[in-house]
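Q: Could you take me through some of the labels on this model and tell me what earns each one?

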Amino acid sequence: MSIIKDFLLQLTVTVIPIFIYFTFISEKATSNKNKKVMMSILWGISILFCMSFPVSFGQNARVELRIIPLLFGTLYTGSGSGIFLAAIIILYRLSFGISLGFYNTVLVLLLTLPVMLFFQKTFVRSNKEKKVKIAVGLAFYYCLIGLTLSGILRGFSMDYLRVQIIHLIFVVIVTWFLILLNETIREIYQLRLEMQNTEKLRVISELTSVFAHEIRNPLQVTRGFLQLLNEPELPESKKEYIQISIEELDRANEIVSDFLAFGKPTIDHNEKVDMGYQIQRVVNILQSYTLNHNVEIKTDILDHCRVYANPQKVNQTLINILKNAIESMPNGGTVWITCTPTDDGYIKIAIKDQGIGMTKKQIERLGSPFYSLKESGTGLGMMVSFQIIRSFKGKIEVISEKDKGTEFIILLPQT
Ligand code: ADP
Ligand code: MG
């Protein structure tokens with residue numbers, strides 16, 4: 001029984017860094033270098049635990065999984081991490097005293113680490129199947145070298161072979177399992193990011209025609225004024241015409257830059273975001289969309305609505321929710337947007353429409369992928385929005401009444 005317990009402990013210690021990575025590090029770490037340092041430390045701790053609590057089969061027969069953190073650290077985090085982890089193994093082994101086992105450890109590392117480093121670059125570029133093959137192959141090679149070397153140093157015996165073979169099987173199975181686990185979580189994570197981008201592209205293509213229209217308006221106004229200025233008897237309000245033309249061109253320019261900013265690939269970069277300013281930009285982007293739908297947008301925004309987030313992602317959420325509000329009023333109406341700080345440390349953005357509303361059941365389904373009641377809807381907008389707001393530790397509340405209207409409340413932690 002105690003052997004199984006020991007094995008389970010080893011397994012737990014090697015799997016924890018993977019979960020910590022996907023839960024806390026992959027999205028929140030600010031730079032690649034930070035990620036690498038944190039992961040090297042985590043794998044290092046994992047190694048120390050593995051070596052401190054080995055599975056023992058009686059005297060001198062101990063096996064443990066230190067190869068797993070070493071292998072994962074080297075392959076996923078890079079050569080620097082691999083060398084750091086090997087150094088940890090050697091130093092920690094040294095603290096047990098210099099014995100045959102110590103020389104064995106050093107020799108095994110000398111013979112296996114260079115091979116791991118050699119395969120690291122290929123590994124990073126490979127697909128899932130190839131990664132499994134490389135990692136399992138390396139784990140197998142490590143065990144084989146370990147088995148041979150300690151056999152030579154200590155002499156082979158039946159008992160000894162039995163323990164080593166159990167070790168080998170265990171290591172290979174765990175490596176195989178953990179690589180698959182890691183890669184599968186990574187795929188799910190990637191898919192989530194891709195969803196966000198797909199939804200963004202769709203919104204862009206939907207808005208493009210109205211957007212072109214919106215640019216044409218100021219151009220036509222400006223052209224009209226230029227024509228007037230060309231008349232022989234100069235109009236009195238010449239200055240005013242020029243002023244209006246400049247304003248119109250500025251507006252066109254602003255719309256273009258907002259639109260470009262929205263379409264830009266998202267850089268994973270959080271910063272202080274002035275929500276009032278962002279709401280204004282989003283209203284700008286959607287201006288012609290609202291006109292087309294006969295909708296008026298009224299805003300009431302207090303100063304100091306600052307949150308720590310990614311402005312592009314926040315904009316994407318605002319656009320999704322605002323577009324839904326506009327689309328919920330086929331005969332036109334008003335959308336109110338307010339932005340206020342709350343007493344309990346949140347920034348509250350409320351987007352309220354007078355549209356068709358939703359039943360309780362519909363509210364519950366909101367945010368599930370592909371849930372849409374629209375003819376050409378994708379049902380991804382709300383899913384992505386919930387995801388984005390959750391990633392900034394905020395929440396979305398929905399209050400809705402059938403045929404009366406809907407209010408979306410976004411709460412984001414204030415900075
Ligand atoms: P899509 O807009 O492509 O249909 P969304 O995820 O943005 O997908 O919205 C999902 C569904 O939620 C919509 O089809 C609509 O039925 C409902 N919905 C969202 N916002 C509102 C709203 N403000 N008023 C009424 N229904 C809404
Ligand atoms: Mg939508």
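Q: What makes Lys 131 and Glu 183 a salt bridge?
A: Their side chains meet at 3.5 Å, N to O, and a salt bridge calls for a side-chain nitrogen of Lys or Arg within 4 Å of a carboxyl oxygen of Asp or Glu. So the pair qualifies. Keep in mind that this is a predicted model, where local features need pLDDT of at least 70, side-chain atom pairs count only at pLDDT 80 or more, and totals for chains, interfaces and linings use all residues. Residues are numbered from 1 along each chain as its sequence is written, chains are lettered from A and ligands numbered from 1 in the order written, and side-chain values use heavy atoms, leaving out hydrogens and water.

Q: Why does the pair Lys 131 and Glu 183 tie together parts that are apart in sequence?
A: Because Lys 131 sits in helix α6 (residues 128–154) and Glu 183 in helix α7, the parts being joined are 52 residues apart in sequence. Helices here are DSSP runs of H or I, at least four residues long, and strands are runs of E, at least two, numbered from the N terminus.

Q: Why is Glu 183 called buried?
A: Its relative accessible area is 6%. Buried means under 20%, exposed over 50% and partly exposed in between (1.4 Å probe, protein chains only), so buried is the word. Lys 131 is buried as well.

Q: How do you know that Glu 183 and Arg 186 are about one helical turn apart?
A: They are 3 residues apart in helix α7, which means a separation of about one turn. Their side chains also meet in a salt bridge, at 3.8 Å, N to O. Arg 186, at 25% relative accessibility, counts as partly exposed.

Q: What about Glu 401 and Lys 404: what are their accessibility labels?
A: Glu 401 is partly exposed at 47%, whereas Lys 404 is exposed at 57%. Their side chains meet in a salt bridge too, at 3.6 Å, N to O. Back with the earlier pairs, salt bridges that share partners join Lys 131, Glu 183 and Arg 186 into one network. The structure holds 7 salt bridges.

Q: Why is Glu 199 called buried?
A: Its relative accessible area is 2%, so it falls within the buried range. Glu 199 lies in helix α7 (residues 158–229). Leaving aside neighbours within four places in sequence, its contacts (heavy atoms within 4.5 Å) include Gln 316, Asn 320 and Thr 378.

Q: And what makes Gly 78 buried?
A: Gly 78 has 8% relative accessibility, so buried fits. Its place is the loop between α3 (67–77) and α4 (79–94). Not counting residues up to four places away in sequence, Gly 78 touches Gly 73 and Gln 120.

Q: Where is Leu 100, and why is it called partly exposed?
A: Leu 100 is found in helix α5. With a relative accessible area of 41%, it lands between the buried and exposed limits, so partly exposed is right.

Q: Which residues line the largest cavity?
A: They are Ile 279, Val 282, Val 283, Leu 318, Leu 322, Ile 337 and Ile 351. The largest share of that lining, 3 residues, comes from α9. A cavity is a set of points, on a 1 Å grid over the protein atoms alone, where a 1.4 Å probe fits but cannot get out, and lining residues have an atom within 4 Å of a point.

Notes. On a 1 Å grid over the protein atoms alone, a cavity is a set of points where a 1.4 Å probe fits but cannot get out, and a pocket is an open set with protein on both sides within 12 Å along at least five of seven lines; lining residues have an atom within 4 Å of a point.
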